[in-house]
There are 2 protein chains.
Amino acid sequence: MERRTFREIAADLRQEIVDGEYPTGSTLPPEPELAEKYRVSRSLVNRAMAVLHAEGLVRPQRGRGTQVTWLPPILHTPARYSQASHEGGGEAFAAFTAEIKDLGLEPRHEIGTEEAAPPPGVAEILETTDCLARHRRLFIGDLPVRVSTSWFPTSIAPARLREPVPIRAGGVKSVLASAGYPQSRARERIIMSRPPTDEEAYRLEISPERAVTEITHIGMTSEGRAVEVTVSVLPAHYVEAEYEYSID
Amino acid sequence: MERRTFREIAADLRQEIVDGEYPTGSTLPPEPELAEKYRVSRSLVNRAMAVLHAEGLVRPQRGRGTQVTWLPPILHTPARYSQASHEGGGEAFAAFTAEIKDLGLEPRHEIGTEEAAPPPGVAEILETTDCLARHRRLFIGDLPVRVSTSWFPTSIAPARLREPVPIRAGGVKSVLASAGYPQSRARERIIMSRPPTDEEAYRLEISPERAVTEITHIGMTSEGRAVEVTVSVLPAHYVEAEYEYSID
DNA sequence: GAGTGGTCTAGACCACAGA
DNA sequence: CTGTGGTCTAGACCACTCG
């Protein structure tokens with residue numbers, strides 16, 4: 001094995017990962033060993049790892065080795081699933097769960113709620129700073145893949161939303177509908193790729209060099225009142241999206 | 001000046017760039033000079049530059065120095081502008097032009113056309129391999145910011161679309177409408193972040209480590225026939241998008 | 001030819017995980 | 001404690017641009 005540049009080494013490892021020689025969840029050989037295999041310095045292997053890390057294929061961890069984290073992207077199709085199991089607005093992530101289990105992996109989540117003032121942009125949309133926040137963090141196995149916060153005006157948020165437990169059977173949207181705030185339109189704003197904040201990097205367990213995607217979902221009633229804002233942040237390579245709309 | 005880590009050096013330069021101390025288009029001090037300023041090795045400055053490059057703030061060029069390429073993201077709002085000047089489907093990039101000129105920069109574009117077989121995914125959508133392709137490359141100043149290819153079935157493509165010149169006054173959509181193929185719905189599929197192909201990296205003048213966003217736009221008639229597919233590829237940090245849709 | 005960034009090496013020290 | 005990845009240095013050579 002005589003690869004010479006960090007790109008070639010990265011390409012070689014990338015190929016072995018997608019070919020399944022190093023399956024997701026497994027640990028790569030240590031850098032000194034790879035350095036010997038490719039007959040290069042460890043610095044170079046480390047640089048190749050940085051490339052694969054930025055692409056989301058691996059997660060190097062000091063003291064523990066480099067774990068393979070490759071996952072196929074999750075398709076975000078809000079319009080198609082909006083009623084039953086919309087991910088950004090609702091909380092019934094049945095689709096997410098099913099998709100992950102199909103890969104033989106285990107989905108998990110953490111949920112926490114609090115009353116707090118939302119960031120200014122969200123407060124402006126909801127026209128209040130008096131909000132209920134639902135924070136979620138989704139995992140695949142032990143790998144965090146998404147953090148999101150949903151904001152609701154306290155004045156309209158039913159008690160059920162305050163409980164830090166998953167909401168099944170139609171999700172948050174149906175709970176709000178039962179409370180008299182059915183949603184009929186939604187708007188989504190996407191930042192395709194930006195550096196994570198320090199907190200996001202910590203919560204997603206990624207380095208500050210890994211780009212994230214931010215999706216802001218706004219759920220509105222037929223009168224145009226915004227009743228829910230959800231901000232989701234994901235490592236950028238984990239998402240694809242599909243939208244459909246009519247042309248006047 | 002005594003910054004110590006590559007992240008701190010990158011943060012420092014990033015701040016100076018967004019503050020306008022190094023305006024877009026200007027050239028940063030050479031790496032040896034920055035190394036002296038921060039009292040670190042050139043290797044470290046080089047690594048900090050790699051971070052800024054991945055974020056899209058700078059473009060290092062061997063022999064020529066490191067150029068500042070910071071630009072605010074361009075907002076992609078297909079639903080809002082679909083009629084007059086849709087960027088993905090139409091070709092009237094009036095909005096693009098206006099936005100750039102507001103920044104005091106000069107937009108440019110290259111256009112080429114050919115008859116060719118589209119990639120399999122596109123052929124499937126259009127239900128033919130007999131297509132007209134319009135290739136575009138957009139620049140801001142001397143900086144390529146987008147490459148895109150629009151595919152039309154040869155059987156329905158008016159002669160005007162074969163000419164490698166910009167199409168004003170309503171764009172490609174209105175040309176197709178005049179030919180009897182008015183579009184009433186559109187679907188867009190987004191890959192938020194992926195490594196560029198070698199050709200994309202070459203045409204966008206970016207390193208293979210810079211992620212790109214791919215937006216596939218499908219324009220359909222009211223009968224659901226796809227009459228136009230446009231695939232756009234942009235450096236990932238140059239885009240934000242906004243979609244609006246109704247919830248059944 | 002002088003100066004630029006691109007890459008690689010050899011070695012060093014560090015923080016951290018786990019036995 | 002050993003082994004892991006994270007970082008930094010000093011120096012080298014290269015390919016490239018420009019005068």
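1. Two strands count as paired if DSSP finds at least two bridges between them. With that in hand, one strand pair across the chains can be read directly. This is a predicted model.

2. Strand β7 of chain A, residues 185-194, is joined to β10(B) by seven bridges. The two strands run antiparallel. Within this pairing, A:E188 sits opposite B:Y243, a residue of β10(B).

3. Now the wider contact between the chains. Chain A contributes 37 residues and chain B contributes 37 residues. On the chain B side, the elements giving two or more residues are α3 (42-55), α4 (78-85), β7 (185-194) and β10 (239-246). β7(B) supplies the largest share of that side, ten residues.

4. What is the make-up of the side of chain B that touches chain A, by nonpolar, polar and charged residues? The split is 17 nonpolar, eight polar and twelve charged.

5. Next, the DNA. There are 22 residues around DNA strand C. Of these, A:T5, A:G63, B:P30, B:P60 and B:G63 come nearest. Chain A gives two or more residues to this surface from α3 (42-54). Chain B does so from α2 (31-38), α3, β1 (58-61) and β2 (65-68).

6. Which element gives the largest share of the surface near DNA strand C? That element is α3(B), with three residues. In chain B, α3 also appears among the elements on the side that touches chain A.

7. By class, the surface near DNA strand C holds seven nonpolar, ten polar and five charged residues. For the side of chain B that touches chain A, the nonpolar count is 17 and the charged count twelve.

Terms used
Residues are numbered from 1 along each chain as its sequence is written. Chains are lettered from A and ligands numbered from 1 in the order in which they are written. This is a predicted model: local features need pLDDT of at least 70, side-chain atom pairs count only at pLDDT 80 or more; totals for chains, interfaces and linings use all residues. Two residues are in contact if their C-beta atoms, placed from the backbone, lie within 7 Å. Helices (H or I, at least four residues) and strands (E, at least two) are DSSP runs, numbered from the N terminus. Ala, Val, Leu, Ile, Met, Phe, Trp, Tyr, Cys and Pro count as nonpolar, Asp, Glu, Lys and Arg as charged, and the others, Gly among them, as polar. A residue is near a molecule or strand if its C-beta atom, placed from the backbone, lies within 6 Å of it.
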